[in-house]
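Visitor: Before we begin, could you show me the structure, so that I can ask how its descriptions are justified?
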Amino acid sequence: MTYPKYTQQALCRYNLPRLKRIAAELGVTPTGDKRGADTWVNAIITHQSTQLQKVDNQPAAQAELDNYIADQAQAIAPEPLRIVEISFDDHEYYAGNQLIASISHDNNHLTQRWVVMVNDKEVFRANTLMRCDRFICTHYKDGSLPMQEKEATPPTTENRIMAHIFNECQNYGFEILDDDIYNNGVKLGQVGCTDGNWWVKRRYSVQQQYSNSVLDAVRSLLIVSWMTYH
């Protein structure tokens with residue numbers, strides 16, 4: 001048996017790209033102006049109504065349909081977001097391996113310094129990090145968050161990580177060569193970020209030690225530097 005999967009109220013909250021994905025999933029090809037979201041919503045609703053007519057009216061079938069509708073919100077929930085903390089000021093949000101949005105900090109703004117970026121464009125601004133987080137999660141869940149271009153994916157994260165490490169190393173006069181950190185030609189260790197967690201591996205150590213931030217990770221190499229010259 002085939003039951004309706006999406007209500008018209010839910011569909012009207014989705015943007016055009018997501019409506020097209022739903023239509024493709026159901027095998028629906030609308031007629032009319034395909035540039036308008038209403039065309040896709042009407043086509044999906046019509047398709048589901050046609051399928052519903054095929055359902056028999058036995059009590060068991062009706063009960064199954066009622067249960068399905070009650071669980072609909074959970075069934076169509078999007079993939080949970082994964083947050084990668086690049087630094088205290090920079091966070092990236094992923095659905096799987098796809099970058100959805102990022103949050104950065106604008107020191108030049110007097111009040112609303114936290115900024116949500118999609119495709120390197122500002123889409124929201126607030127005075128706290130949590131409000132930006134709520135904006136991304138809410139609009140991603142209801143399908144109204146702008147679509148992130150495919151090319152703006154994880155490599156951006158790697159570049160940002162290296163930029164943060166480089167900036168912190170400069171504060172202490174350290175040099176990065178082949179991913180290793182040096183001071184006056186002496187190797188101190190490595191700093192990196194895996195799944196949003198910063199870590200440091202000091203010289204001669206085979207294990208990574210996790211740090212709260214890139215600042216703490218690089219600063220911990222000062223001990224190695226001090227021991228080298230004392």
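Guide: The questions that follow concern a sheet and a residue of this model, which is predicted.

Visitor: Why is Ile100 called buried?
Guide: Its relative accessible area is 12%, and a residue counts as buried when that value is under 20%, so Ile100 meets the condition and is called buried. Ile100 belongs to strand S3, residues 98–105, and, leaving aside its neighbours within four places in sequence, it is in contact with residues including Leu81, Tyr93, Val118 and Gln148.

Visitor: What separation is found between the C-alpha atoms of Ile100 and Gln148?
Guide: Although Ile100 and Gln148 are 48 residues apart along the chain, their C-alpha atoms are separated by 5.6 Å.

Visitor: How do you know that S8 and S9 pair?
Guide: Two strands pair if at least two bridges are found between them; six bridges join strand S8 (residues 186–194) to strand S9 (residues 197–202), so the two count as paired, and they run antiparallel. Within this pairing, Cys193 has Trp198 as its bridge partner, while Gln190 stands opposite Lys201. In the hairpin of S8 and S9, with two residues between the strands, Asp195 takes a positive phi near 55°.

Visitor: What makes S9 and S10 a pair as well?
Guide: Three bridges join S9 and S10 in the antiparallel sense, and because at least two are required, these strands also pair. Here Trp198 stands opposite Ser211 in S10.

Visitor: Why are S6 and S10 called edge strands?
Guide: The open sheet is ordered S6-S7-S8-S9-S10 with antiparallel pairing, and strand S6 (175–177) and strand S10 (209–211) are its edge strands, each pairing on one side only.

Technical notes:
Residues numbered from 1 in each chain as written. Predicted model: local features only at pLDDT ≥ 70, side-chain atom pairs only at ≥ 80, totals over all residues. Heavy atoms only, no water. Helix = DSSP H or I, 4+ residues; strand = E, 2+ residues; numbered from the N terminus. Buried < 20%, exposed > 50% of the residue type's maximum accessible area, 1.4 Å probe, protein only. Contact = heavy atoms within 4.5 Å.
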